Amino acid sequence: MKNYIRNLLPVVLVFLLVITLNAAKVDKQGKTWLSAHSDPPTININGFWHDQAWGTIVLNQAEGKAEVTGRGDNWDVTGVVSGKQVYLLFSSHGNIAYSAVLTFVNDTTLDGKYDSGLMKENKKGRAMHMTKKQS
C-alpha cells in the first residue's frame, strides 16, 4: 500500500500542476475577455445583489466608470459594464472559476447566464437572476 501511494503521489502532483498552468488567469485571459466589452457604461450596478444559487454578491462600480469589483459566495469579482451589459469574473487566488454575462432589466434586476471558465459567445451557461437588495 505504501508503494502504491508513493507511486501515485507524483502523478497527482503533475496533474495538479497541469490544471494550475491551464487555469485562466484574471490578469491575462480575464483582462482580455473583459476588454473586448468596452462600450461606455449606461448603467450603474453598485450595491448588494442577490442570486438564489450565489447568495449575496457585493458589486462596486464608481459613478461613470466601467470597472466593477466585488465579492460573492467566497469569490473575488472583477468585471465591466458595457452599455447595459455586465461581464463578471468570479475568481480565487487569481484563477477564474466562473464568468457571467448579465443584462440590465431595470434598477433592481440583472438577468443572464454564468458558466465555469470564460463564457464563449454561443455558450449556453446556467441561468443567473440577480435582484438588488435594498440598503
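**A helix against a set of strands**

Reader: Which strands are included in what covers the buried residues of helix H2?
Author: Helices (H or I, at least four residues) and strands (E, at least two) are DSSP runs, numbered from the N terminus. Buried means under 20% relative accessible area, exposed over 50%, and partly exposed in between (1.4 Å probe, protein chains only). The cover over the buried residues of H2 includes strand S4 (75–82), S5 and S6.

Reader: What kind of model is this?
Author: Residues are numbered from 1 along each chain as its sequence is written, and side-chain values use heavy atoms, with hydrogens and water left out. Local features need pLDDT of at least 70, side-chain atom pairs count only at pLDDT 80 or more, and totals for chains, interfaces and linings use all residues; the model is predicted.

Reader: How many helices and strands does the protein chain have?
Author: From the N terminus, the elements run α-α-β-β-β-β-β-β-β-β. The count is two helices and eight strands.

Reader: Why do the buried residues of H2 lie on the same side of it?
Author: H2 spans residues 26–35, and its buried residues are Val26, Gly30, Trp33 and Leu34. The arc is that of the directions from the helix axis to the C-beta atoms. The buried residues are on the same side because they cover an arc of only 95 degrees.

Reader: Which exposed residues sit on the face of H2 turned away from its buried side?
Author: An α-helix has 3.6 residues a turn, so residues three or four places apart point the same way. On H2, the face turned away from the buried side carries the exposed residues Lys28, Lys31, Thr32 and Ser35.

Reader: Which residues does Trp33 contact, leaving aside its neighbours within four places in sequence?
Author: Trp33 belongs to helix H2. Its relative accessible area is 12%, so it counts as buried. Contact means heavy atoms within 4.5 Å. With those neighbours left aside, Trp33 contacts Tyr87, Leu88, Leu89, Ser99, Ala100, Val101, Leu118 and Met119.

Reader: How far apart in space are Trp33 and Leu89, C-alpha to C-alpha?
Author: Leu89 is among the contacts of Trp33. In sequence, Trp33 and Leu89 are 56 residues apart. In space, their C-alpha atoms are separated by 9.5 Å.

Reader: How far is the backbone oxygen of Trp33 from a polar atom of the side chain of His37?
Author: His37 sits in the loop between H2 and strand S1 (47–51). At 15% relative accessibility, His37 is buried. A polar contact is a pair of N or O atoms within 3.5 Å; within protein, one must be able to donate a hydrogen and the other to accept it, and residues adjacent in sequence count only if both atoms are side-chain atoms. Between the Trp33 backbone oxygen and the His37 side-chain atom, the distance is 3.4 Å.

Reader: How many bridges join S6 to strand S7?
Author: Two strands pair if DSSP finds at least two bridges between them. S5 (residues 85–92) and S6 (residues 95–106) run antiparallel, joined by eight bridges. S6 and S7 (residues 109–116) form a hairpin with two residues between them. These strands also run antiparallel, and the number of bridges joining S6 to S7 is eight.

Reader: Which residue in S8 is the bridge partner of Leu110?
Author: S7 and S8 run antiparallel, with six bridges. S1 and S8 are paired in the antiparallel sense as well, over two bridges. Opposite Leu110, the partner in S8 is Met130.

Reader: Which side chain makes a polar contact with the side chain of Asp115?
Author: Asp115 lies in strand S7 and is the bridge partner of Ser99. Its relative accessibility is 13%, so Asp115 counts as buried. At 3.5 Å, its side chain makes a polar contact with that of Arg126.

Reader: Which residues have the most contacts inside the largest nonpolar core?
Author: A nonpolar core is a set of buried Ala, Val, Leu, Ile, Met, Phe, Trp, Tyr and Cys residues joined through side-chain atoms within 4.5 Å. The largest one has 19 residues, and those with the most contacts inside it are Ile45, Leu59, Leu88 and Met128.

Reader: Which residues are included in the second, separate core?
Author: To the largest core, S2 (55–60), S4, S5, S6, S7 and S8 (126–132) each supply at least two residues. The second core is separate and has 11 residues, including Ala24, Tyr87, Leu89 and Ile96.
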